[in-house]
Amino acid sequence: MKAVFVAMAVASLSACGGGGGSSTGPTNQHVNTPPPADGISVNNNSFSPGSKSVAVGANVKWAWNSCTGADPYGGAATCVEHSVTFDDGVTSPLQDQGTFNRTFAAAGTYTYHCSVHGTAMSGTITVE
Ligand SMILES: [Cu+2]
């Protein structure tokens, strides 16, 4: 199962990497990514859940859900950029959609925040 999640994350990352090279696609490409049941949702100005405890060796997945306003008539969504930036230096890209994964090999308390919204948008992973 873990390999499947990683493959999906890589696929969605590469899907985001075009940078608007093609103008023939739909205008409403930005989409939310519901996290798996044990993941964390990156919302606008909060992480949900904000605190999470996992076992040593666990992989945690964040999924961006920061797009609002899409309509069924082709109106584009507005997606806000956030990051998952740990105090120990590990960070996701600043992105407005997609996912991020981190595997926690050692026990400890890992605090993180959004590089745009600072400590007002923060979370904690407790590895035990
Ligand atoms: Cu943010």
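This note goes through the copper site, the sheet and the nonpolar core of a predicted model.

1. The copper ion is held by four donor atoms, namely ND1 of His 82, SG of Cys 114, ND1 of His 117 and SD of Met 121, at distances of 1.9 to 2.6 Å. The angles among these donor atoms run from 90 to 129°, and the site is tetrahedral. Along the sequence, the donor residues follow the spacing H-x31-C-x2-H-x3-M.

2. Are the donors His 117 and Met 121 buried or exposed? Met 121 has a relative accessible area of 0% and is therefore buried, whereas His 117, with a relative accessible area of 26%, counts as partly exposed because buried requires a value under 20%.

3. The order of strands in the open sheet is β3-β10-β9-β7, with mixed pairing among these four strands. At the edges lie β3 (51–54) and β7 (85–86), each of which pairs on one side only. Between β9 and β10 the pairing is antiparallel and extends over seven bridges, and one pair of bridge partners consists of Thr 111 and, in β10, Thr 124.

4. The largest nonpolar core contains 18 residues, and those with the most contacts inside it include Trp 62, Phe 86, Phe 104, Tyr 112 and Ile 125. Two or more residues of this core come from each of β1 (40–43), β4 (59–64), β9 (108–114) and β10 (118–127). In soluble globular proteins, nonpolar side chains tend to be buried together.

5. Ile 125 deserves a separate look. Apart from its neighbours within four places in sequence, Ile 125 is in contact with several residues, among them Ile 40, Lys 52, Val 54, Val 60, Trp 62, Phe 86, Phe 104 and Tyr 112.

Methods
Residues are numbered from 1 along each chain as its sequence is written. This is a predicted model: local features need pLDDT of at least 70, side-chain atom pairs count only at pLDDT 80 or more; totals for chains, interfaces and linings use all residues. Side-chain values use heavy atoms; hydrogens and water are left out. A nonpolar core is a set of buried Ala, Val, Leu, Ile, Met, Phe, Trp, Tyr and Cys residues joined through side-chain atoms within 4.5 Å. Buried means under 20% relative accessible area, exposed over 50%, partly exposed in between (1.4 Å probe, protein chains only). Contact means heavy atoms within 4.5 Å. Donors are N, O and S atoms within 2.8 Å of the metal (3.2 Å for Na, K and Ca); water is not among the atoms, so sites may look incomplete. Four donors count as tetrahedral if all angles lie between 85 and 135 degrees; four count as square planar and six as octahedral if opposite donors are over 155 degrees apart and all others between 65 and 115; anything else is irregular. Two strands pair if DSSP finds at least two bridges between them.
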